[in-house]
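Me: I am new to reading structures of this kind, and I would like to go through one step by step. Could you guide me?

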Amino acid sequence: MNAQPQRTPVSKLSIPHKHLLSIEALSREDINTILDLSEYYVVQNRRKSQTNALLKGLVLVNLFLENSTRTRLSFEMAAKRLGADVINMTVEGSSIKKGESFIDTLKTLNAMRPDLFVIRAGEEGSAEKASNILECPVLNAGDGTREHPTQALLDALTLRRHFGRLEGLNVAICGDILHSRVAHSNLHLFKKMGVNVKCVGPTELMPLAAGGTQDMKAGLSGADAIMVLRIQKERMQKALSLTEVQYFKTFGLTAERLAFAKEGAVILHPGPMNRDVEIDAEIADDPKRSLITTQVEMGVAVRMACLDLLTRSAR
Ligand code: NCD
């Protein structure tokens, strides 16, 4: 009989990082630690009384310089469930609109001594820049096309809970990989965790290094899970050569194409979703195949785990 793996008690879990800037900087062990603690918060969040006072008295600043529904709310929800106060800031309401530089904005915020800082920005490396100025832990909520670490962690938690493991799974990432920080973070995570990845989509949306295919049948065959991505028009230098209708015809995930994958294969999408462009509206809602709303639920737990771990040394 196999010995049960020794689980570290949640109070003893730690990661050797001050900030969460990228998946690239995390080890396999760090990722497992975050996922293990997230499991604990999934349970807490499903209870009637969902909050605790772990971060009571701490203030989290949520600076979003790009639009967001899921990620911004999820960080806010996570912080509040841990008892922290949250200040939300958007570019529209900030002095960036009056011409203040990004760096001066960060220096101003640092002078107010927040306890945690979450940032989403359109420029690659923004979170790293913030971590050089802010004295508190900085969490990257998406920096341009580069990384979106908490999204990859919540995707991993969703997959690990569904399949009971990550190692050896076959995942197809489908769509606009070139402009997707979600794909980039996931590619790092999957490599570290022993997940086999195939990239599939139009060549013009495929990074050279991804070694992907344009052939949906080849790309999806054998997949346990398919991660579908939105066409990120706002990041494109030149317009896509396909119309949305043509894209759906060739690359949209439909029931027929889903059948190329393994029987019972599941669907992930980070949102926001454009129905009948990258994914057929009906299969996106199929409760037997779609884990899209589970991803959103896991997002809150993952962010609670990250906020908890990054404040452990200061508490
Ligand atoms: C993604 C993002 O902003 O990178 N969404 C998210 O955070 N859940 C994906 C996207 O915008 O397509």
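Me: How many Å separate an oxygen atom of the ligand from an N or O atom in the side chain of Arg120?

Reply: This is a predicted model, and a polar contact is read as a pair of N or O atoms within 3.5 Å. In the case of Arg120, a side-chain N or O atom is 3.0 Å from an oxygen atom of the ligand. The side chain of His148 has an N or O atom 2.7 Å from a ligand oxygen, and for the side chain of Arg181 the value is 2.7 Å. Taken alone the ligand exposes 320 Å², of which the protein buries 94%.

Me: Which residues are around the ligand, and how many of the shell are nonpolar, polar or charged?

Reply: A residue counts here if one of its heavy atoms lies within 4 Å of the ligand. The shell is made up of Thr71, Arg120, His148, Gln151, Arg181, Val182, Arg230, Gln232, Pro270, Gly271 and Pro272; by class, 3 are nonpolar, 5 polar and 3 charged. The ligand sits in the largest pocket.

Me: Where does the ligand lie with respect to domain 1 and domain 2?

Reply: The domain assignment divides the protein chain into domain 1 (10-148 + 296-314) and domain 2 (149-292). The ligand lies between them, because both domains give residues to the shell around it. The C-alpha centres of the two domains are 25 Å apart, and the contact takes 36 residues from domain 1 and 30 residues from domain 2.

Note on methods:
Residues numbered from 1 in each chain as written. Predicted model: local features only at pLDDT ≥ 70, side-chain atom pairs only at ≥ 80, totals over all residues. Heavy atoms only, no water. Polar contact = N/O pair within 3.5 Å; in protein donor to acceptor, adjacent residues only side chain to side chain. Areas by Shrake-Rupley, 256 points an atom, 1.4 Å probe, with all protein chains shown as cover. 1 Å grid on protein atoms, 1.4 Å probe; cavity = no way out; pocket = protein on both sides within 12 Å on 5 of 7 lines; lining within 4 Å. Sits in = over half its atoms within 2 Å of the grid points. Nonpolar A, V, L, I, M, F, W, Y, C, P; charged D, E, K, R; others polar. Domains from an automatic or database assignment. Contact = heavy atoms within 4.5 Å.
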